[in-house]
Amino acid sequence: MPVKPIRLVMACLMAAITSLCHAQSVIVQNIINISKDSVTKNQLIVSLNGFLDQKGKPIRDNTFVLKENLLETAALMDELKLLDHKIKTKDDVVFRYYVTNIVKLSDDDFIIQLSYMGISENAPLLRASFKLKAKRENGQFYFYSPLKQNTISWKTKRVGSMTWHYKDTLNKNDVKAFETAIQSYDKKLKCPVLSFDSYCCNNLSEVLQVVGIEYEADYNGLKSGSLSSHEDNRDIYVNGGSYYDSFFDPHDLWHDRLRTVMKSAVINRPVDEGCAYLYGGSWGYTWDEIVMKFKKYVAANPNADWLNLYLETTNFEDGQKAMKVGYMLNALIVQKIEREKGFDPVMELLGCGPREKGDDNYFKALDKLTGINKGNFNAEMNKLVKGL
């Protein structure tokens, strides 16, 4: 069958976008050859709409997810959930889900390619594109990530509690460093893990591809990164390296592990970043290197007003690898709390709520846990800073 000219395809797409108004209904263009079997066609589209309608639920409650592939599908589903909060445009662009390709593998198995698109300045705007697998069971279709199929030829190796998936070779130093960091973080966070699968990709582009994310506008130009999920005390980590020529970034890994035990909505970012500084460094710098940089700032600002610097989110290191005074002060506060009272109070401070104007929720929790408040903040921070 001859391929239609690209202009005609784009014209069909633009016409569909401007004429259809049901935000939750997936759009299937006439050029898509689904199936001559009307029952199969209806089941597939109804199931796909159900899958998308339930994407905001916890993945275990989505009745259109294939449960035996829950873990890897959760990593893909997280990107679907975040679409509405990521890319910002100048105009109010209405995005829709479009089926761009369907491949029949068998009577009950299909590959679905799905794009999230809108119109901006009379031109199609692609936000994301996904490749899902669909399997029919008991009269409906269930959807899942193609990760296992995409890595079926990879090697596997069990090391401790982890199963490593890789193409050619596995770096022993990477394995040891990663396991050490995971074990350290999970011990603090009391994060139970029954199984942990780590996939070693060359870059972020490959991470997205193996999980089933063909394009994500928010990741344009990024070389390194990872996707992960935690469900039923099982973990998956699909990594494409860090920005610092190492297998992973311990700073970002801290953020990832914290979110396995605490909801993002309650996490106070300055405290979270302070922990990440303390336990994982930042921008490729170790904690000791960050301390040295902060000491230089302190020496150059002997009369620093720590409270004002905190409230104003001032940097102590500018440039592309900026570091904030407030994050460093929280690292010192966390260090003090953990040394004197253990890690449970640190968790309470971490969960005091997102940052708000004036940081009243933070200072209320800080006063309860340490006696440090806005009134004595400068004096108490001077003590911590002098102890470096």
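**Exercise 1. Locate Asn-330 in this predicted model and decide whether the residue is buried or exposed.**

Solution.
1. In this predicted model, Asn-330 belongs to helix H11.
2. The relative accessibility of Asn-330 is 0%. The threshold for a buried residue is under 20%, so Asn-330 counts as buried.
3. When neighbours within four places in sequence are set aside, the contacts of Asn-330 are Pro-270, Val-271, Gly-274, Tyr-310 and Tyr-362.

**Exercise 2. Determine which residues of helix H13 are buried and which helices are included in what covers them.**

Solution.
1. Helix H13 spans residues 360-370. Its buried residues are Asn-361, Tyr-362, Phe-363, Ala-365, Leu-366 and Leu-369.
2. The cover over these buried residues includes helices H8 (269-280), H10 (306-311), H11 (325-341), H12 (344-350) and H14 (377-386).
3. Tyr-362, one of the buried residues of H13, is also among the contacts of Asn-330.
4. Just after H13, Gly-371 adopts a positive phi of about 80 degrees.

**Exercise 3. Identify the residues that touch the most other members of the largest nonpolar core, and state which helix gives the most to this core.**

Solution.
1. The largest nonpolar core holds 62 residues, and those touching the most other members are Phe-178, Trp-306, Leu-350 and Phe-377.
2. Helix H11 gives the most to this core, contributing nine residues.
3. A second core, separate from this one, has 46 residues, among them Ile-45, Phe-95, Tyr-116 and Leu-147.
4. The surroundings of Leu-350 may then be listed. Not counting residues up to four places away in sequence, Leu-350 touches Trp-254, Leu-258, Met-262, Val-266, Ile-267, Asn-268, Val-271, Asp-272, Cys-275 and Phe-343.

**Exercise 4. Describe how helix H7 packs against helix H8 and how helix H5 packs against H7.**

Solution.
1. For H7 and H8, the packing angle is about 130 degrees and the axes are 8 Å apart. H7 is therefore oblique to H8.
2. The crossing of H7 past H8 is right-handed.
3. On the H7 side, the residues that meet H8 are Pro-250, His-251, Trp-254, His-255 and Leu-258. Their counterparts in H8 are Asp-272, Glu-273, Cys-275, Ala-276, Tyr-277, Tyr-279 and Gly-280.
4. For H5 and H7, the angle is about 40 degrees, with the axes 10 Å apart. H5 is therefore oblique to H7.
5. H5 likewise passes H7 in a right-handed crossing.
6. Phe-178, Ala-181, Ile-182, Tyr-185, Asp-186 and Leu-189 of H5 meet Pro-250, Leu-253, Trp-254, Arg-257 and Leu-258 of H7.

**Exercise 5. Analyse the salt bridges of Asp-272, Asp-344 and Asp-107, with attention to the exposure of each partner.**

Solution.
1. Side chains of opposite charge can pair when their charged atoms come close. Over the whole structure, a search finds 20 salt bridges.
2. Asp-272 and Arg-259 form a salt bridge through their side chains, at 2.9 Å from N to O. Asp-272 lies in helix H8 and Arg-259 in the loop between helix H7 (250-258) and H8, so this pair ties together parts 13 residues apart in sequence.
3. Asp-272 is buried, because its relative accessibility is 2%. Arg-259, at 36%, is partly exposed.
4. Asp-344 and Lys-190 form a salt bridge at 3.3 Å, N to O. This pair links distant parts of the chain, 154 residues apart: Asp-344 is in helix H12, and Lys-190 is in the loop between helix H5 (172-189) and strand S8 (195-200).
5. Asp-344 is partly exposed at 49%, whereas Lys-190 is exposed at 58%.
6. Asp-107 pairs with Lys-104, their closest N and O atoms being 3.3 Å apart. Asp-107 is exposed, with a relative accessible area of 52%, and Lys-104 is partly exposed, with 48%.
7. A network of salt bridges also links Arg-60, Glu-231 and Asp-232.

**Exercise 6. Characterise the environment of Ile-213.**

Solution.
1. Ile-213 is located in strand S9, which covers residues 213-216.
2. Its relative accessibility is 1%, so Ile-213 counts as buried.
3. Ile-213 and Leu-80 are separated by 133 residues in sequence and by 9.6 Å in space, C-alpha to C-alpha.
4. Not counting residues up to four places away in sequence, Ile-213 touches Leu-76, Glu-79, Ser-129, Phe-130, Leu-208 and Leu-227.

Terms used
Residues numbered from 1 in each chain as written. Predicted model: local features only at pLDDT ≥ 70, side-chain atom pairs only at ≥ 80, totals over all residues. Heavy atoms only, no water. Buried < 20%, exposed > 50% of the residue type's maximum accessible area, 1.4 Å probe, protein only. Helix = DSSP H or I, 4+ residues; strand = E, 2+ residues; numbered from the N terminus. Contact = heavy atoms within 4.5 Å. Core = buried A, V, L, I, M, F, W, Y, C linked by side-chain atoms within 4.5 Å. Salt bridge = Lys/Arg side-chain N within 4 Å of Asp/Glu carboxyl O. Axes fitted to C-alpha atoms, helices over the stretch in contact; angles between N-to-C directions. Parallel < 35°, antiparallel > 145°, perpendicular 65-115°, else oblique. Left-handed = near helix turned anticlockwise from the far one by under 90°.
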